[in-house]
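Colleague: I am new to reading protein models, and I would like a close look at one part of this one. Could you take me through the salt bridges there, slowly and with every term explained?

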Amino acid sequence: MKLIEAIKEAQGDRSQNQFAADTGVSSAAITKILKGNRNPTPALLLKLSIGAQNGITYETLMEAAGYINADDMETKNMPDVKEIKMAQRFMQTRLEKGISREKVASELGVSVSMVERWEQGLRVSNMKASYIFEMANLYGVSYQYLANMTDDPISYYSSSEEHFQTFKKALAEIAKYLSTENQRKLMEYANLLKNDQEYKDLQALDIKK
């Protein structure tokens, strides 16, 4: 599939202005690409893929732009697949929540350009895990969801929200019969389990604390 054809497929039945708004790529930049006056970078293709329709993926656009060889899958300047997926989740979630990059940067104490680089799949491997936790809290989702470990934005460890609510009620019922000291011990043990699980998750993510 040629690049222009792929981008038109990604746009779908939306106007170019709406496509631009959904992806964060200016309409002028899209026009230049469609006219063959601009070669899009992998970072720009990543943005276009996030708002793409008709099953157009980042890999499809990268192949159409010549960054991926369809025969041997040899890549040129292409971020790690795990980082791409995380970057897509970062941007998608932020846009869905209607939060600006400026707001994220302010809350995390980083530059706006740093947030933009994360959303482009750049420097994700060097990203502190604490930033993912803070972003997840800001967006109102679990950090496992933001790190693309699950497609459930709310509950990761329970099989369903209903199951999780049942678990919380059962735990609260048990706590009623415990002394203050034992309630404290229960909370300490729960925090130990939480920290242990987070540590294992961070090992799975292979990112810094």
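Modeller: Happy to; we will begin with how far to trust the model and then walk through the salt bridges. This is a predicted model, in which local features need pLDDT of at least 70 and side-chain atom pairs count only at pLDDT 80 or more, while totals for chains, interfaces and linings use all residues. Residues are numbered from 1 along each chain as its sequence is written, and side-chain values use heavy atoms, with hydrogens and water left out.

That score, pLDDT, is the predictor's confidence in each residue, from 0 to 100. The protein chain has a mean pLDDT of 80, and 81% of its residues reach 70 or more. Helices here (H or I, at least four residues) are DSSP runs, numbered from the N terminus, as are strands (E, at least two). Confidence is highest in α7, at 94, and lowest in helix α11 (residues 161-176), where the mean is 71. Where pLDDT is low, the predicted coordinates should not be read in detail.

Now to the salt bridges. The term means a side-chain nitrogen of Lys or Arg within 4 Å of a carboxyl oxygen of Asp or Glu. By this rule there are eight salt bridges. We will also ask whether residues are buried (under 20% relative accessible area), exposed (over 50%) or partly exposed (in between), using a 1.4 Å probe and protein chains only.

Let us start at Glu-119. Glu-119 forms a salt bridge with Arg-94, with the closest N and O atoms 2.5 Å apart. This pair links distant parts of the chain, 25 residues apart: Glu-119 sits in helix α8 (residues 112-119) and Arg-94 in helix α6 (residues 81-97). Glu-119 is buried, at 1% relative accessibility, and Arg-94 is buried too, at 7%.

Glu-119 has another partner, Arg-101, and here the closest N and O atoms are 2.8 Å apart. Again distant parts of the chain are linked, since Arg-101 belongs to helix α7 (residues 101-108) and lies 18 residues from Glu-119 in helix α8. Both Glu-119 and Arg-101 are buried. Put together, Arg-94, Arg-101 and Glu-119 are linked in a network of salt bridges.

One further bridge joins the side chains of Arg-14 and Asp-22, at 2.9 Å from N to O. Arg-14 is buried, at 14% relative accessible area, whereas Asp-22 is partly exposed, at 27%. Arg-14 also touches Gly-51: leaving aside neighbours within four places in sequence, Gly-51 is in contact (heavy atoms within 4.5 Å) with Ala-10, Arg-14, Phe-19 and Thr-23. Gly-51 lies in the loop between α4 (42-50) and α5 (58-64), and is buried, at 13% relative accessibility.
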